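Subject: The structure we talked about

Hi,

Here is the structure I promised to pass on. Have a look at it first, then read my notes underneath with the model open beside you.

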Amino acid sequence: MSKLYMNPETGELLREPPFVKLYFKALSDHENLAGMESAAFIFLLSRMDSNNVSAVGKNQKLEFATKHKTTPQCVTNAFQKLKNKGLISIVSKGEYQINARIASRTSWEGVMKIIIRQEFSASGAAKFVEFINE
């Protein structure tokens, strides 16, 4: 299956595997991410280096804000909400580290099975995330 999505010689991703969009849609739902928060999170993921850090300068933030018809301050607010939910941490001005339990750069073989489950009962709602190495 990996040959469909990755060049075995270079490791280059040829196209996005279908489960990636499903994973981020489920993650957005699970974490109650609003539209801008979800878009900002995917933006940070797209810029992530091998240390799970995304560097976002003033120009990149403005470009992202313009593309999404919003302001750079709204983007900053979305980053802060992602931090408050534990999805990212702020390393320094313009540098954001993605929580490695949520996403990280890895080889195709390093991809885990992730189970996200919500349970509802009379005592309230509970969220469970399970990571399985296969």
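Asn 52 is buried, because its relative accessible area is 6%, and anything under 20% gets that label. You'll find Asn 52 in the loop between helix 3 and strand 1 (53-55). Its backbone is a bit of a curiosity: Asn 52 has a positive phi of about 65° although it is not a glycine. Keep in mind that this is a predicted model, so every value here is computed from predicted coordinates.

Asn 32 makes a nice companion case. Asn 32 also isn't a glycine, yet it has a positive phi of about 55°. This one sits in the loop between helix 2 (18-30) and helix 3. Is Asn 32 buried or exposed? With 54% relative accessibility, Asn 32 counts as exposed, because the cut-off for that word is over 50%.

Now for helix 3, which covers residues 35-46. You can check its length yourself: at 1.5 Å a residue, the 12 residues should span 16 Å, and the end C-alpha atoms are 17 Å apart, so the two agree. How many of the 12 residues in helix 3 are buried? Nine of them are, so the helix is mostly covered. The buried ones are Met 36, Glu 37, Ser 38, Ala 39, Ala 40, Phe 41, Phe 43, Leu 44 and Leu 45.

Pick out Ala 40 from that list. Ala 40 has 0% relative accessibility, which is why it counts as buried. Ala 40 and Ala 78 are 38 residues apart in sequence, but their C-alpha atoms are 6.6 Å apart in space.

Glu 37 is another one to click on. At 7% relative accessibility, Glu 37 counts as buried, and it forms a salt bridge with Lys 85, where the closest N and O atoms are 3.1 Å apart. Why does this pair tie together separate parts of the chain? Lys 85 lies in the loop between helix 5 (72-84) and strand 2 (88-92), while Glu 37 is in helix 3, so the bridge links parts that are 48 residues apart in sequence. Lys 85 itself counts as partly exposed, at 32% relative accessibility. A search of the whole structure turns up one salt bridge.

Helix 3 also helps to line a pocket. The second largest pocket holds about 160 Å³ of space, and its lining consists of Ala 39, Phe 43, Arg 47, Gln 60, Glu 63, Phe 64, Lys 67 and His 68. The elements that give two or more residues to that lining are helix 3 and helix 4 (58-67). Which element gives the largest share of the lining? That is helix 4, with four residues. Sorted by class, the lining has three nonpolar, two polar and three charged residues.

Last stop: the strands. Strand 2 and strand 3 (residues 95-98) run antiparallel and are joined by four bridges. One pair to look for is Ile 88 with its bridge partner in strand 3, Ile 98. The two strands form a hairpin with two residues between them, and Gly 94 in the turn has a positive phi of about 80°.

Happy browsing!

Definitions and conventions. Residues are numbered from 1 along each chain as its sequence is written. This is a predicted model: local features need pLDDT of at least 70, side-chain atom pairs count only at pLDDT 80 or more; totals for chains, interfaces and linings use all residues. Side-chain values use heavy atoms; hydrogens and water are left out. The expected span of a helix is 1.5 Å times one less than its number of residues. Buried means under 20% relative accessible area, exposed over 50%, partly exposed in between (1.4 Å probe, protein chains only). A salt bridge is a side-chain nitrogen of Lys or Arg within 4 Å of a carboxyl oxygen of Asp or Glu. On a 1 Å grid over the protein atoms alone, a cavity is a set of points where a 1.4 Å probe fits but cannot get out, and a pocket is an open set with protein on both sides within 12 Å along at least five of seven lines; lining residues have an atom within 4 Å of a point. Grid points are joined across faces, edges and corners, and a volume is the space filled by probe spheres set on the points. Ala, Val, Leu, Ile, Met, Phe, Trp, Tyr, Cys and Pro count as nonpolar, Asp, Glu, Lys and Arg as charged, and the others, Gly among them, as polar. Two strands pair if DSSP finds at least two bridges between them.
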